[in-house]
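Morning, everyone. I have one structure to go through today, and I will keep to packing, cavities and one residue near the start of the chain.

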Amino acid sequence: TTDVLLSPCPFTPGSTIAETHFLFLGLRRLRESDLTLGRWVQEHRSHGDIRMFNNIGYGVFSNRFLETRWYLMPLAAIQGTQDHTFEKQLRLLPPEYEVPRVVAEVIKLTLAFLCLDVRYHEDSIAMCIDQTSPGHLGVGRFGKNGMSVFRVDNNRVAPDIFVAASRRLPV
């Protein structure tokens, strides 16, 4: 894993992965419940700086939980993936990366804020692998009022819609 952290970041020339990514251990279960988006929000409801806005409803996430594994995810929006459809964004990722679930992206943004006191994706949306009709879900607009989960049509192209990513680490 040290080799991966010290290797060049594929998204930020001149920087290492250790400088541009956030590493955390994802847990499948938290206090005997699957760690879903609804569960994470419930755990952090009392924290004044972290609010979740979700007009989709948490029921859509009830069977979408975090996996127990290490997550190594870029902190900032991945430049070069905006202004493309979701399918094209997928093809722009290096093969060692995958698109994470909404719950992983929300946890990354929350933990990065709590550890680094920085709100990433203030002006952007990071597209995730979770699907609803007619598109995929994205996380972003993490400002002083909280962050949001958005439903975005797969064919929508915009300068503020990027793809989220998580690097697969060897076990």
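I will take the nonpolar cores, then the cavities, then serine 7.

A word on origin: this is a predicted model.

Cores, then. As a general point, nonpolar side chains in soluble globular proteins tend to be buried together. In this model the largest nonpolar core holds 23 residues. The ones with the most contacts inside that core are Phe24, Leu66, Tyr71, Val102, Leu109, Val139 and Met147. Two or more core residues come from each of these elements: strand E1 (21-26), strand E5 (69-74), helix H5 (102-116), strand E7 (125-132), strand E8 (135-143) and strand E9 (146-153). Helix H5 gives the largest share, eight residues.

Take Phe24 as an example. What does phenylalanine 24 contact, once neighbours within four places in sequence are left aside? The list is Leu66, Arg69, Trp70, Tyr71, Met73, Ala104, Ile107, Lys108 and Leu111. Two of those partners, Leu66 and Tyr71, were also named among the core residues with the most contacts.

There is also a second core, separate from that one, with 18 residues. Cys9, Ile17, Val163 and Ala165 are among them.

Now the cavities. Rolling a probe the size of a water molecule over the atoms shows where empty space is left. With a threshold of 30 Å³ or more, the count is two cavities.

The largest cavity has about 50 Å³ of space. Its lining consists of Pro74, Ala76, Ala77, Ile78, Glu105, Lys108, His121, Ala126, Val163, Ala164 and Ala165. By class that is eight nonpolar residues, one polar and two charged. Lys108 in this lining is also a contact of phenylalanine 24, and Val163 and Ala165 also belong to the second core.

The second largest cavity has about 40 Å³. His84, Thr85, Phe86, Gln89, Met127, Val152, Asp153, Asn154, Arg156 and Ile161 line that one. Helix H4 (86-92) and strand E9 each give two or more residues to this lining. The classes here are four nonpolar, four polar and two charged.

Last, serine 7. Where does serine 7 lie? In the loop between helix H1 (2-6) and helix H2 (17-20). The side chain of serine 7 reaches the backbone oxygen of valine 4 at 2.6 Å. Not counting residues up to four places away in sequence, serine 7 touches Ser15, Thr16, Ile17 and Arg167. Serine 7 and isoleucine 17 are 10 residues apart in sequence, with 6.1 Å between their C-alpha atoms. Isoleucine 17 is also part of the second core.

How values were computed. Residues are numbered from 1 along each chain as its sequence is written. This is a predicted model: local features need pLDDT of at least 70, side-chain atom pairs count only at pLDDT 80 or more; totals for chains, interfaces and linings use all residues. Side-chain values use heavy atoms; hydrogens and water are left out. A nonpolar core is a set of buried Ala, Val, Leu, Ile, Met, Phe, Trp, Tyr and Cys residues joined through side-chain atoms within 4.5 Å. Buried means under 20% relative accessible area, exposed over 50%, partly exposed in between (1.4 Å probe, protein chains only). Helices (H or I, at least four residues) and strands (E, at least two) are DSSP runs, numbered from the N terminus. Contact means heavy atoms within 4.5 Å. On a 1 Å grid over the protein atoms alone, a cavity is a set of points where a 1.4 Å probe fits but cannot get out, and a pocket is an open set with protein on both sides within 12 Å along at least five of seven lines; lining residues have an atom within 4 Å of a point. Grid points are joined across faces, edges and corners, and a volume is the space filled by probe spheres set on the points. Ala, Val, Leu, Ile, Met, Phe, Trp, Tyr, Cys and Pro count as nonpolar, Asp, Glu, Lys and Arg as charged, and the others, Gly among them, as polar. A polar contact is a pair of N or O atoms within 3.5 Å; within protein, one must be able to donate a hydrogen and the other to accept it, and residues adjacent in sequence count only if both atoms are side-chain atoms.
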